Amino acid sequence: MIDSQKEFRKRTTTRNESSRESRTRVRNATFPQPSPVPGDNQSPRVAYQRVSVHGLHTTGVPMEDLDRAASLLIEALSMRRRYMEVAGQSFPTDLANFLSALDSSRSPGAEMYLPMAEASDSLEFQYNEISGQWSTSAVEMADASQIGVPGQGRASFESQEEVAGAAELNDVDPWACHTPPDKNYVFRWSAGVVRVFRNEEDMQASAPLNNQFVNFTQYVEDLSKLGEMISDGPLKSFCYRRLCYLFSKFKMHVLLNEIHELALQKAVPHRDFYNVRKVDTHIHAASCMNQKHLLRFMKRTLRERAGEVVAMHNGRPRTLKSVFEDMRLDAHDLNVDLLDVHADRNTFHRFDKFNAKYNPVGESRLREVFLKTDNHLNGLYFAKIIKEVMVDLAESKYTYVEPRISIYCKRADEWGRLAAWAIGHGVHSPHVRWVVQIPRLYDIYRIKKLIKNFQEFLNNLFDPLFQVSINPSYNPELHQFLTHVIGFDSVDDESKPENPYPNEAMKRPDEWDDEENPPYSYYLYYMYANMTVLNQIRKEQGMNTFVLRPHCGEAGPSAHLSVGFLLAENISHGLMLRKFPVLQYLYYLAQVSIAMSPLSNNSLFLRYHRNPLPDFFARGLRVTLSTDDPLQFHYTKGS
């Protein structure tokens, strides 16, 4: 009897469990559970509250418009992927996997905007514990862990902790680096782009190495396509709706999870805002100190080095004391107000007045003495004050900067002089990596007859880099200095009138001998194309490569942002994205980093309360907060 009861209970339990499993399968088939979406968490262990959107019309547009918009967006993203891969710049791994999956399956692009519950059979996102990223089921997890981001050869410069640890050892030379042998390559310019040959015979036979780059004709065509997308009405409407959806989604996330996030933040031991690592990705070396710091340095230098010769005037040496006497000033007279380097309301929409703020006391002579690398003292004072800033960074321990240092392209020896300045004065720090900025000042140099054409401008910029990359022994100091350089910037007033879109009939650089300045798109293409070839040579030599990170979208037409989307790994400012929803959505999808500077914009182009930084952040664009010019905008070390 007892055995019979036990057997009955066992059969009943088994039947109930089978029934529950069957009901669960039916319920899951009827109401599929949404798969985790990339970006919702950084780890599957954090259980945030979510709100799911279901139904046939979640996109808010007809299926035909959805399919067309998705196809155009995928075409634009594929263009950027091609430009980034050729140049060795980074492109998001998960997005590259997604585009590869679309290419292999040839599935319609509209599927990525359908509800996840309906599309989960063909596109399921999984969390890869190895890579720390989300990937699709179309790519094996093991393969995803092997897929690298283009440009990962720069890892030695992206791992600041490793660099800092090595430099802290007393017996390690901060300029020490591997010096590969001479490749004996030769190069020449062709239509504004360097072509590299294995030897003189190959150059005579016009048989260059297979260094890939996007030619000017293709670039003009791609830029024209992006321009058509920006003005496409249905695509603008679709992108605007998606941006509104992303903004609302973030607000909902804040409402649901703000308290939970705050609790998680408090639970992290020994970490707060002050002792997490912060990188200022956009700051100019000539203005990286605040005005009080510069004032104290100038007064101290005038007291201690009054008799030092700092310049030559009409063949006669001029001491620091005599320079100040000409201005009827002494150390006691100087104060912050007299220094007059702080930007005010008079600089708004006046780039010329803003540039004048780099001149202490309104005197270009003092800028030449204190804030230049190439002067009578070989930049001694500038090196000293930069090193004082580096000491402050070392004391703060968790702050890193990427200061812009200028190459003007007026002479071919500028790179050698800059390297000699940095190494000769010991201007280095594990907290600093340099970005070389190229001012777009060809027209001024041409008017002054310093150069003959735009090709000479490019020669002065790239010839020394190719020479030292092919044969590091050509200039050992430059070879060492370049290990501390991570990329190139292009700077000037973007609001200047110009023809924004290039065409195939444009003059080539060796033909551009007008006094008119080339447009923004022209400058950046030839910087990008030559950087692409240079990166391939340096990668072959086992050297670090460079990225393009221009000022872009601070003012000017939409074409500047289109150029940045195609050519640049990151951009600075990006204010004008707020006016172009298609480009803003593309920058979101491609996760193009934007270094934004609200304090700088407040004094030049856009008042603080109208700055789009909070909106960009809420919509998911990859934005960083940067200082730009502490000398002009900050009162203290912190702000």
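**Exercise 1. Decide how accessible K397 is, and locate it.**

Step 1. K397 has a relative accessibility of 47% and so counts as partly exposed. The class lies between buried (under 20% relative accessible area) and exposed (over 50%), with a 1.4 Å probe and protein chains only.

Step 2. The model is predicted: local features need pLDDT of at least 70, side-chain atom pairs count only at pLDDT 80 or more, and totals for chains, interfaces and linings use all residues. Residues are numbered from 1 along each chain as its sequence is written, and side-chain values use heavy atoms, with hydrogens and water left out.

Step 3. K397 sits in the loop between α16 (380-396) and β8. Helices (H or I, at least four residues) and strands (E, at least two) are DSSP runs, numbered from the N terminus.

Step 4. K278 is 119 residues from K397 along the chain, and their C-alpha atoms are separated by 9.8 Å.

**Exercise 2. Give the strand order of the sheet that contains β8, and name its edges.**

Step 1. The order is β5-β8-β9-β10-β11, an open sheet of 5 strands with parallel pairing. Two strands pair if DSSP finds at least two bridges between them.

Step 2. The edges are β5 (278-284) and β11 (547-548); each has a single partner strand, so one side of each is left without a neighbour in the sheet.

Step 3. Inside the sheet, β8 and strand β9 (residues 434-439) run parallel and are joined by 3 bridges. I405 has V436 in β9 as its bridge partner.

**Exercise 3. Do the same for the sheet that contains β14.**

Step 1. This open sheet has 4 strands in the order β12-β13-β14-β15, and the pairing is parallel.

Step 2. At its edges stand β12 (551-552) and β15 (623-625), each with a single partner strand, so one side of each lacks a neighbour in the sheet.

Step 3. Strand β14 (residues 593-596) pairs with β15 in the parallel sense over 3 bridges. Opposite M596 stands L625 in β15.

**Exercise 4. Describe the hairpin of β3 and β4.**

Step 1. Strand β3 (residues 186-190) pairs with β4 in the antiparallel sense over 5 bridges. W189 has V194 in β4 as its bridge partner.

Step 2. The hairpin has 2 residues between its strands, and A191 in the turn has a positive phi of about 55 degrees.

Step 3. Is strand β4 enclosed or open to the outside? In β4 (residues 193-197), 4 of the 5 residues are buried, so this strand is largely enclosed by the rest of the structure.

**Exercise 5. Compare two non-glycine residues with positive phi.**

Step 1. C409 has a positive phi of about 65 degrees although it is not a glycine. Its place is the loop between β8 (399-406) and α17 (414-424).

Step 2. K449 has a phi near 60 degrees, again positive in a residue other than glycine. Its loop runs between α18 (442-447) and α19 (454-470).

Step 3. C409 is buried, with a relative accessible area of 0%, whereas K449 is exposed at 66%.

**Exercise 6. Examine three salt bridges.**

Step 1. The structure holds 19 salt bridges; such a bridge is a side-chain nitrogen of Lys or Arg within 4 Å of a carboxyl oxygen of Asp or Glu.

Step 2. The side chains of D374 and R417 form one, at 3.3 Å, N to O. This pair links distant parts of the chain, 43 residues apart: D374 is in the loop between α15 (364-370) and α16, and R417 is in helix α17. D374 is partly exposed at 30% relative accessibility, and R417 is partly exposed at 39%.

Step 3. E221 and K225 form another, at 3.8 Å, N to O. Both lie in helix α9 (residues 216-230), 4 residues apart, about one turn of the helix.

Step 4. D492 and K496 meet at 2.8 Å, N to O. D492 counts as buried at 12% relative accessibility, while K496 is partly exposed at 36%.

**Exercise 7. Place Y587 in the nonpolar core.**

Step 1. A nonpolar core is a set of buried Ala, Val, Leu, Ile, Met, Phe, Trp, Tyr and Cys residues joined through side-chain atoms within 4.5 Å. The largest one has 158 residues, and Y587 is among those with the most contacts inside it. Helix α21 (residues 520-540) gives the largest share of this core, 13 residues.

Step 2. Leaving aside neighbours within four places in sequence, Y587 is in contact (heavy atoms within 4.5 Å) with residues including L561, F565, I594 and L621.
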